There are 2 protein chains.
Amino acid sequence: MSAIFGALSNPNRLQIFLRLIACCSEGDSWLTEPEPCPCVSELGEDTGLAMSTISHHMKELSRAGLIRMDRNGQKVECRIDPSTLEKINVFFGGCCKPWKK
Amino acid sequence: MSAIFGALSNPNRLQIFLRLIACCSEGDSWLTEPEPCPCVSELGEDTGLAMSTISHHMKELSRAGLIRMDRNGQKVECRIDPSTLEKINVFFGGCCKPWKK
DNA sequence: TCGATAATTCGAAACATGTCGAAAAGTCGA
DNA sequence: TCGACTTTTCGACATGTTTCGAATTATCGA
């Protein structure tokens, strides 16, 4: 669990993660619309980081289980792993329960 | 937001945080039962860390807004800050929505 | 006021992370 | 096969984190 938080503790990584969330949130489920996922270089566009650094960050997000990376030709497509997202939701849902008003 | 994740990215800090969650989760709301909150040394008991290290970790959790620390005599009482917990819940709730089955 | 208890601050050491550029590897079209 | 494009790997360096022990501060009871 702390590995997941570690992955999101870096501002650049969080930015990449949120961009990935945003670009797939137009009502498209990950399962029903598997084609148009952004690649590594696309996701790092606005960060101002070197390509090698972006690659490193993507690997961190992947190792934490937050995203999946699948090569498709030259590009490596990235997508959110919804099961990990759900895992986090359950974690904090349980945490918050006693304080729910 | 990344500061919150940073605070939880350390295993010892996460353990302390979870202990604080657990010890106040017996149906007692933070608002209705403000008295019996564990102090700094109590929370670090099972970590095997030096007192100075525990103090440092508590400060990190506090700076992230996850807990509040209030001196009560010799001891400093620690309690979860439910508003930050709710903030996290909203964050991930919004994230998960597009992937909800 | 003194001693005990609880917590913080400080400096230092070990370790981990973030970043880059250069080089290498994978993939595709000509 | 060659060159262009995308990505990964590697080595290096700067910065940040984790941890400790010692010293300091805060509070209370005797």
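Here are some questions and answers about how the terms used for this predicted model follow from its values.

Q: Why is B:Arg79 called buried?
A: Its relative accessible area is 8%, and buried means under 20%, so B:Arg79 belongs in that class. For orientation, B:Arg79 is found in strand 2 (residues 75-80) of chain B.

Q: What makes the pairing of the B:Arg79 and B:Asp70 side chains a polar contact?
A: The distance joining them is 2.9 Å, and the cut-off for such a pair of N or O atoms is within 3.5 Å, so the term applies. The side chain of B:Glu77 also makes a polar contact with that of B:Arg79, at 3.4 Å.

Q: How do you know that the span of helix 2 of chain A agrees with its number of residues?
A: Helix 2 covers residues 11-23, which is 13 residues. The expected span is 1.5 Å times one less than that number, so helix 2 should span 18 Å, and its end C-alpha atoms are indeed 18 Å apart.

Q: Why are the buried residues of helix 2 of chain A said to line one face?
A: The residues in question are A:Arg13, A:Leu14, A:Ile16, A:Phe17, A:Leu20 and A:Ile21. Looking down the helix axis, they fall within an arc of 160 degrees, so they line one face of the helix.

Q: Which side chain reaches a backbone nitrogen at the start of helix 2 of chain A?
A: That is A:Asn10, with a side-chain oxygen within 3.0 Å of the backbone nitrogen of A:Asn12.

Q: Which residues come nearest to DNA strand D?
A: Of the 25 residues around DNA strand D, they are A:Ser41, A:Ser55, B:Asn12, B:Ala50 and B:His57. Of the DNA atoms that come within 4 Å of the protein, 69% belong to sugar and phosphate.

Q: What makes A:Ser41, A:Lys59 and B:His57 polar partners of DNA strand D?
A: Each has a side-chain atom at a listed distance from a phosphate oxygen of DNA strand D: 2.6 Å for A:Ser41, 3.3 Å for A:Lys59 and 2.6 Å for B:His57. The cut-off is within 3.5 Å, so these distances qualify.

Q: What classes of residue make up the surface near DNA strand D?
A: There are seven nonpolar, 13 polar and five charged residues. Among the elements that each supply at least two residues are helix 3 (40-43) of chain A and helix 2 (11-23) of chain B.

Q: How many helices and strands does chain A have, and in what pattern?
A: Chain A has five helices and two strands, following the pattern α-α-α-α-β-β-α along the sequence.

Methods: Residues are numbered from 1 along each chain as its sequence is written. Chains are lettered from A and ligands numbered from 1 in the order in which they are written. This is a predicted model: local features need pLDDT of at least 70, side-chain atom pairs count only at pLDDT 80 or more; totals for chains, interfaces and linings use all residues. Side-chain values use heavy atoms; hydrogens and water are left out. Helices (H or I, at least four residues) and strands (E, at least two) are DSSP runs, numbered from the N terminus. Buried means under 20% relative accessible area, exposed over 50%, partly exposed in between (1.4 Å probe, protein chains only). The arc is that of the directions from the helix axis to the C-beta atoms. A polar contact is a pair of N or O atoms within 3.5 Å; within protein, one must be able to donate a hydrogen and the other to accept it, and residues adjacent in sequence count only if both atoms are side-chain atoms. A residue is near a molecule or strand if one of its heavy atoms lies within 4 Å of it. Ala, Val, Leu, Ile, Met, Phe, Trp, Tyr, Cys and Pro count as nonpolar, Asp, Glu, Lys and Arg as charged, and the others, Gly among them, as polar.
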